[in-house]
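Reader: I am new to this structure. Please take me through one part of it closely, and then show me how the rest is laid out.

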Amino acid sequence: MKHIVSGIKPSGDLNLGTYLGAIKNFVSLQERFSEHHFFLFIADLHAITVAQDPQKLRQATKNLAALYLACGLQEERLSLFVQSEVAAHTQMNYYLQCFAYMGELERMTQFKDKAQKQETGVSSALFTYPVLMAGDILLYDAEYVPVGDDQKQHLELTRDLATRMNNRFGELFVVPKPLIPKVGARIMGLQNPTKKMSKSDTNVKDIIYLLDPPNIIEKRIKSAVTDSEGTVRFDPQNKPGISNLLTIYAALESLSIEDTQARFESTSYADFKQAVADKIIEHLKPIQARYHELIGSSTLDDILNRGRDDASKIANKKAQTLAKRLGLGRNIKPSR
Ligand code: AMP
Ligand code: TRP
């Protein structure tokens, strides 16, 4: 069976950017790729590359698991798990670090951005973060990896590493392909529409969280930055605010940008904003209801236990095959 793999960090609460760039895409891909099995995980090992409060991290891990499911993923053909509970991820990270070059990691724009923001105490794990991510993907022989635009460069590195290892050690890994949504791969901040909507953003006015109540959603959209032209038109260069709202609406409705623009061509900014707010509220309502059901139930742990066991079987086997090819350990026959 072919595999699709992706992960999301449990750092901060889930926002509309992560939903439209990643989760909503997982849901539609599950329908589109009806023959594939999905390995989706909560990337807690990635989260600790920057400082985390342990209690908050554990809570965020559980919340994210519930939200993944609340967004409509089907439990068949899905293994949902917590990354740190499958030890092979940590193991693979080390093996692959022996083959990744400093030069290629130094070129990663996300590392440069994050390191710049954090004046002191940049961890070495933040630097090798893309290697951990490559391991996450290669462990499962993923054919496709659905991600937002900001992960494209990490996927390129994963492909380079897979090819390098295959050339040196014989066919070991499937070389994965990124799947980036046409609309919604980069949702921007509401107040700063030239910066992506980010979990680590300190300005909450930039963000819509998936669990925000309707009145907050309405308030945030109504105060989103626009421009003085007065025409609802897609032009990210000159009209980043309006273009971002058009993208949000289009992604929620699974419409093209052109069709969305045509729908609002002669609408005032105030009415357009109201329509965007209403659409978000309507879309999030069933997700929020299902989330509240799941978060207090034991179903969630059952699903995560099963996901951990499914994932471990495949991942352990892959890590062992690699260790063998690398000449690690003794070549002992399995005991009877
Ligand atoms: P993260 O929350 O950083 O672990 O990201 C999880 C997934 O959401 C990745 O595939 C990102 O590319 C995607 N993502 C994060 N922020 C945004 C955004 N503002 N717009 C679109 N996709 C995003
Ligand atoms: N690095 C990704 C992000 O920040 C999350 C992630 C970790 C991931 N491992 C992955 C995504 C493997 C896809 C596949 O968004």
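Author: Contact here means heavy atoms within 4.5 Å. Keep that cut-off in mind for a pair of helices in this predicted model.

The pair is H9 and H12. Helix H9 covers residues 214-222, and helix H12 covers residues 269-295. Their axes come within 9 Å. They cross at roughly 150°. Angles over 145 degrees count as roughly antiparallel. H9 and H12 are therefore roughly antiparallel to each other. Their crossing is right-handed.

Which residues make the contact? On the H9 side they are Pro214, Ile217, Glu218, Ile221 and Lys222. On the H12 side they are Lys273, Gln274, Val276, Ala277, Ile280, Ile281 and Leu284. Sorted by class, this contact has eight nonpolar residues, one polar residue and three charged ones.

Now the sheet. Strands of a sheet pair through backbone hydrogen bonds, either parallel or antiparallel. In this model, five strands form an open sheet, and the pairing is parallel. The order is E3-E2-E1-E4-E5. Strand E3 (78-82) and strand E5 (177-179) are the edges, each pairing on one side only. Neighbouring strands are turned by 25° against each other on average, direction ignored.

Look at one pairing inside that sheet. Strand E1 (residues 3-8) and strand E4 (residues 142-146) pair in the parallel sense over two bridges. Isoleucine 4 stands opposite tyrosine 144 in E4.

Helices pack on this sheet too. Helix H1 (residues 16-32) touches E1, strand E2 (37-42), E3, E4 and E5. The direction of H1 makes about 155° with that of E1. Helix H3 (residues 54-70) also packs on the sheet, touching E1, E2 and E3. The direction of H3 makes about 150° with that of E2.

Two loop residues deserve a look. Most residues other than glycine have a negative phi. Arginine 77 is not a glycine, yet its phi is positive, about 60°. Arginine 77 sits in the loop between H3 and E3. Aspartate 141 is not a glycine either, and has a positive phi of about 50°. The loop holding aspartate 141 runs between helix H7 (124-138) and E4.

Finally, step back to the whole chain. Its secondary structure comes to 13 helices and five strands. The radius of gyration is 21 Å, close to the 20 Å that the globule rule gives for 336 residues, so the chain is as compact as a globular protein of that length. Along the principal axes, its C-alpha atoms fill a box of roughly 75 × 45 × 40 Å.

Notes
Residues numbered from 1 in each chain as written. Chains lettered and ligands numbered in written order. Predicted model: local features only at pLDDT ≥ 70, side-chain atom pairs only at ≥ 80, totals over all residues. Heavy atoms only, no water. Axes fitted to C-alpha atoms, helices over the stretch in contact; angles between N-to-C directions. Helix = DSSP H or I, 4+ residues; strand = E, 2+ residues; numbered from the N terminus. Parallel < 35°, antiparallel > 145°, perpendicular 65-115°, else oblique. Left-handed = near helix turned anticlockwise from the far one by under 90°. Nonpolar A, V, L, I, M, F, W, Y, C, P; charged D, E, K, R; others polar. Pairing = 2+ DSSP bridges. Rg over C-alpha atoms; globule rule 2.2 N^0.38 Å.
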